[in-house]
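User: I should like to learn how to read the features of a protein model, one at a time. Please begin with the terms and then turn to the case at hand.

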Amino acid sequence: RRSGYLLSPFDEIPLLLDGTDGESRPFLVWGDSHARHLVPALQALSRDYDTNGYIACLPSTPPLLDVNLVPTYYDSIAEYNAQVLAAIDRQSFTRVLLAGRWSYYYHVGTDSHQSSLTDEVGGDRPSSVVFEDGLRRTIAAVRERGIEVLILKQVPVQHLNPSAILWHAERFGYDQDKIGVPVVEHLEYQRPVNEFLDSLAGPGVTILDPLPYLTQPNGHTRVQLDGKI
């Protein structure tokens, strides 16, 4: 364990909070660095409600069983997720939240400088197909264990580093509520993967969307709140 991450090999999924007497809930957050970014909010909520949860999040590691990124030095992704599933079998979770940078994995391989997704089926299938198969495989594995699945859609992707565009807005007096990517642009960029995620909703599978909390009345996505990113 290091900084809340799980490292190979491991036997136990770490708690959101260490050194707390709050009752641990059978809830797991599973995903990549985008999932990891949820941790401060979940930690704050856990403190407020005197509870706790669990987290299995590793950067550049989507929660897709039996899926890797090529070249082969990314083959640890499938190994890591297999260990998470094995650890799930050793604990009694009732809900698992899957979160990630979905659009990246869906589109990787479309540009020559990007890796692409691969799985045991092999062949020249596009990353979007490998992604869809991998997420369905993950959901099926979790549901077979009687666990409810929640999937969080991706937050809006900004064109530039938020700290940089906020600095420029402050420096040159731009309206900070107008520097976020437009909502319509976000929806168009995420449309293919969001349509797929929405198609997965059903008994035991709930799709969550953070967009309403990140939308400005002026049609832009929110980059800051009270001067904080």
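Analyst: Helices (H or I, at least four residues) and strands (E, at least two) are DSSP runs, numbered from the N terminus. The model is predicted: local features need pLDDT of at least 70 and side-chain atom pairs count only at pLDDT 80 or more, whereas totals for chains, interfaces and linings use all residues. Residues are numbered from 1 along each chain as its sequence is written, and side-chain values use heavy atoms, with hydrogens and water left out.

User: How many helices and strands does the protein have, and which pattern do they follow along the sequence?

Analyst: The protein has seven helices and seven strands. Along the sequence they are arranged as β-α-α-β-β-α-β-α-β-α-β-α-α-β.

User: What does "buried" signify, and what percentage of the residues count as buried?

Analyst: A residue is buried under 20% relative accessible area, exposed over 50%, and partly exposed in between (1.4 Å probe, protein chains only). Of the 229 residues here, 42% count as buried.

User: Which residues of helix α6 are buried, and which are exposed?

Analyst: In α6, which spans residues 162–172, the buried residues are Ile165, Leu166 and Ala169. Seen down the helix axis, they fall within an arc of 100 degrees, so they line one face of α6. The arc is that of the directions from the helix axis to the C-beta atoms. Trp167, Glu170 and Arg171 are exposed on the other side of α6. After the helix comes glycine 173, with a positive phi near 75 degrees.

User: What is the general expectation for the sign of phi?

Analyst: Most residues other than glycine have a negative phi. In this model, aspartate 50 has a positive phi of about 50 degrees although it is not a glycine. Aspartate 50 lies in the loop between α2 (39–48) and β2 (51–57), and counts as exposed because its relative accessibility is 52%. Serine 60, also not a glycine, has a positive phi of about 60 degrees. The loop between β2 and β3 (67–70) holds serine 60, which is partly exposed, with a relative accessible area of 42%.

User: Where does aspartate 32 lie, and with which residues is it in contact?

Analyst: Contact means heavy atoms within 4.5 Å. Aspartate 32 lies in the loop between β1 (23–31) and α1 (33–36) and is buried, with a relative accessible area of 1%. Leaving aside neighbours within four places in sequence, its contacts include Cys57, Ser60, Pro62, Arg101 and Tyr105. The C-alpha atoms of aspartate 32 and proline 62 are 5.3 Å apart, although the two are 30 residues apart in sequence. For the protein, 78% of the contacts with a separation of 6 or more join residues 24 or more positions apart.

User: How is the packing of helices α5 and α7 to be described?

Analyst: Axes are lines fitted to C-alpha atoms, for helices over the stretch in contact, and angles run from 0 to 180 degrees between N-to-C directions. Angles under 35 degrees count as roughly parallel, over 145 as roughly antiparallel, 65 to 115 as roughly perpendicular and the rest as oblique. Helix α5 (residues 127–144) packs against helix α7 (residues 183–199) at an angle of about 30 degrees, with the axes 12 Å apart. The two are therefore roughly parallel. Phe131, Glu132, Leu135 and Arg136 of α5 make the contact with Val193, Phe196 and Leu197 of α7.

User: Is valine 184 of α7 buried or exposed?

Analyst: Valine 184, found in helix α7, counts as exposed because its relative accessibility is 65%. Its C-alpha atom is separated by 9.4 Å from that of threonine 221, 37 residues away along the chain.
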